[in-house]
Amino acid sequence: MTLVERLRTAGCVFAEDEASLLTAEASDAAHLEQMVDRRVQGEPLEQILGWAEFAGLRLAVAPGVFVPRRRTLLLAREAVSLIPPASRALDLCCGVGAVAAVMTRDRPDTTIHLSDIDPSAVDCARQNVPTATTHTGDLFDPLPRDLQFDLIAVNAPYVPTGQIAAMPPEARDHERHVALDGGPDGVELHRRIAAVALDWLAPDGHLLIETARHLAPLTAAALAAHGLSSRTVHDDDLEATVVVGSPSAGSAQVT
């Protein structure tokens, strides 16, 4: 079989495009064969190539780390739109730093911090956003206590634990479960973040949390329980949802 046929037989929907990318990345025929074999076995293309495209940027991606999803473009877009001039922002549960990379490109006057529990992901984020300050640990734990942020963008896991087994093998078998598992109902980490968010937000700051559309009411309720008003933003084209929280009082809105 040809390279394209092998990939298509393995279930790769965009076999022609993947064949071109793998061929371009290969240093020789043996390297190409090695990469194709990994892809046929189900490993994510981005982990094989060592990079992922996100918002026009090429981001380093290591084996085992969470691969940036297209839907996270909404989180990045909303973050850029809300960052005040010369402010401080945190990309929490940053993965490879996709949101931070977009903020750095589009709002270069922003001081960026990154935090993630996965050391391999933080290593990638450090490559992708070399001007940022990186922290490795559970949520806010590794950050200095005197920091406050004008904006906190969060892409914490929100897949309910019981649904991980039904995820596509590329994610289920090749990304660390800590980057996927959102607890029993998918919003366990959102509740933990909301519980301490006011300690880390500037008075006029914003907390942005990517979530699933059907989970947005639970995410918004978590914010409300800890003194944050919220609005929910949907993008049907991206199949993306972001809940935007603020310390100021008010009722939840949907846009």
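At what angle do helix α9 and helix α10 pack, and how far apart are their axes? Helix α9 (residues 188-200) and helix α10 (residues 216-224) pack at an angle of about 25°, and their axes lie 8 Å apart. That makes α9 roughly parallel to α10, a label for angles under 35 degrees (over 145 is roughly antiparallel, 65 to 115 roughly perpendicular, and the rest oblique). Axes here are lines fitted to C-alpha atoms, for helices over the stretch in contact, and angles run from 0 to 180 degrees between N-to-C directions. Helices (H or I, at least four residues) and strands (E, at least two) are DSSP runs, numbered from the N terminus.

A word on the ground rules: this is a predicted model, in which local features need pLDDT of at least 70 and side-chain atom pairs count only at pLDDT 80 or more, while totals for chains, interfaces and linings use all residues. Residues are numbered from 1 along each chain as its sequence is written, and side-chain values use heavy atoms, with hydrogens and water left out.

Back at the first helix pair, look for His190, Arg191 and Ala194 in α9, which meet Thr219, Ala222 and Leu223 in α10; contact means heavy atoms within 4.5 Å. The residues of this contact divide into 3 nonpolar, 2 polar and 1 charged. For that count, Ala, Val, Leu, Ile, Met, Phe, Trp, Tyr, Cys and Pro are nonpolar, Asp, Glu, Lys and Arg are charged, and the others, Gly among them, are polar.

Now turn to helix α5 (residues 72-82) and helix α6 (residues 98-106), which pack at about 40° with axes 9 Å apart. On the α5 side, the contact is made by Thr72, Leu75, Ala76, Ala79 and Val80, and on the α6 side by Val99, Val102, Met103 and Asp106. These residues divide into 7 nonpolar, 1 polar and 1 charged.

Stay with α5 for a moment: 8 of its 11 residues are buried, that is, under 20% relative accessible area (exposed is over 50%, partly exposed in between; 1.4 Å probe, protein chains only). Among the buried residues are Leu74, Glu78 and Leu82. Their cover includes α6 along with strands such as β1 (51-54) and β6 (149-154).

Finally, the cysteines. A search of the whole structure finds 0 disulfides, a disulfide being a pair of cysteine sulfur atoms within 2.5 Å. Cys93 is in no disulfide, and the nearest cysteine sulfur, that of Cys94, is 8.1 Å away. Cys93 is buried at a relative accessible area of 15%, and Cys94 is buried at 8%.
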